[in-house]
Amino acid sequence: MRIDVLTLFPGMFTGPMDESILKRARAMGKLDLRIHNLRDFTHDRHRTVDDRPFGGGPGMVLKPEPIFEAVETLKAEGEEPWVILLSPAGRVFNQEIARTLAQRPRLLFICGSYEGVDERVRLVLANDELSIGDYVLTNGALAAMVIIDAVTRLLPGVLGDEASPLDESFSQGLLEYPQYTRPAEFRGLKVPEILLSGDHAAIAKWRAEQAWRRTAERRPDLWAKWLKDHPDALPTRREGQPGSKLGSNQESGPSRSDSPPPPGFVTEEKE
Ligand SMILES: C[S@@+](CC[C@H](N)C(=O)[O-])C[C@H]1O[C@@H](n2cnc3c(N)ncnc32)[C@H](O)[C@@H]1O
């Protein structure tokens, strides 16, 4: 995948984009990342990219001309990119959007700065407008990096273990189950017995139940959606069926061990 980024701060990308999975994806040729300085698309002596807002008000707004010239120049270089404007007013980025973007051959990010970008950039150039959350960053560079990271690790062959992105939080609409590694006991906290049992079916069941519980407790919004999307998978407490340990907490490990069953669980066997 090719990704172009238009920014006033190309130096911010040095480091985060040169480590870990991003570094590997680039070395493998899976990610062709090109960072462009917006000032390279100006023509005046001061390399001006911003101006005062029409109508008054504080701060400066990124002018349309350099952005239009940059996007049109980069578009002419090859495959049509999917142009994403980063903005707190965009739809909120999530794993589903990451999956969709990972299917595209080419992305182009426009990072805003100061008070943002001239609205005509959004109207004419942007295919999509994305926010990374309900808070305001100084400029779009960190937001672009967050999205690039989330998308790159979904590109085929980038993660060592092909199955791992399927197992992570949000991939199935749920949060991930708790993870443990050695030692089996640490500072008096024991790893749940079931994980040491070698019984793969029982472990899978425990993990599913933990993911349900965690999602219901921490993210009622995701849980409600998951229940709606999986009406037949509603866990029950009937012994021997999926979900039978829900609410019993016997295997839930050291965290939240005395919490009540989350809303949505069927508790028909209370007696
Ligand atoms: C200081 S912000 C501008 C905020 C703008 N005046 C507003 O109130 O919505 C400058 C730039 O940072 C980027 N940015 C800030 N917060 C963001 C967020 N939550 N998600 C994505 N981009 C963000 C955008 O590119 C934005 O144009």
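A nonpolar core is taken here as a set of buried Ala, Val, Leu, Ile, Met, Phe, Trp, Tyr and Cys residues joined through C-beta atoms within 7 Å.

**Entry 1: cores.** I am working from a predicted model. I looked up the largest nonpolar core and found 45 residues in it. I then asked which of these touch the most other members, and got Ile-67, Ile-84, Leu-86, Phe-109, Ile-110 and Ala-144. I listed the elements that each supply at least two residues of this core. The strands are E1 (2–7), E4 (61–62), E5 and E6 (106–110). The helices are H1 (20–28), H2 (64–75), H3 (95–102) and H5 (141–152). H5 provides the largest share, seven residues.

I followed one residue of this core, Phe-109, further. Leaving out residues up to four places away in sequence, I found that Phe-109 touches Val-5, Leu-6, Ile-84, Leu-86 and Ala-144. I also noted a second core, separate and of eight residues, with Leu-175, Trp-212, Ala-216 and Trp-226 among them.

**Entry 2: ligand shell.** I counted 20 residues around the ligand. Which of them come nearest? I have Gly-112, Gly-116, Leu-137, Gly-140 and Ala-143. By class, I sorted the shell into ten nonpolar residues, nine polar and one charged. I checked which element gives the most to the shell, and it is strand E5 (residues 82–92), with four residues. E5 is also on my list of elements that supply at least two residues of the largest core.

**Entry 3: backbone.** I went through the backbone angles with the usual expectation in mind: most residues other than glycine have a negative phi, and most peptide bonds are trans. I wrote down three exceptions.

I found a cis peptide bond from Arg-182 to Pro-183, with omega near 5°. I placed Pro-183 in the loop between helix H6 (164–167) and strand E8 (185–186).

I noted Tyr-114, which is not a glycine, with a positive phi near 55°. Tyr-114 lies in the loop between E6 and helix H4 (119–125).

I also noted Arg-187, another residue that is not a glycine, with a positive phi of about 50°. I located Arg-187 in the loop between E8 and strand E9 (189–190).

**Entry 4: exposure of the two positive-phi residues.** Is Tyr-114 buried, exposed or partly exposed? I record Tyr-114 as partly exposed because it has 17 C-beta neighbours inside 10 Å, where 20 or more would make a residue buried and 12 or fewer exposed. Arg-187 has 6 such neighbours inside 10 Å, so I record Arg-187 as exposed.

Note on methods. Residues numbered from 1 in each chain as written. Predicted model: local features only at pLDDT ≥ 70, side-chain atom pairs only at ≥ 80, totals over all residues. Near = placed C-beta within 6 Å. Nonpolar A, V, L, I, M, F, W, Y, C, P; charged D, E, K, R; others polar. Contact = placed C-beta atoms within 7 Å.
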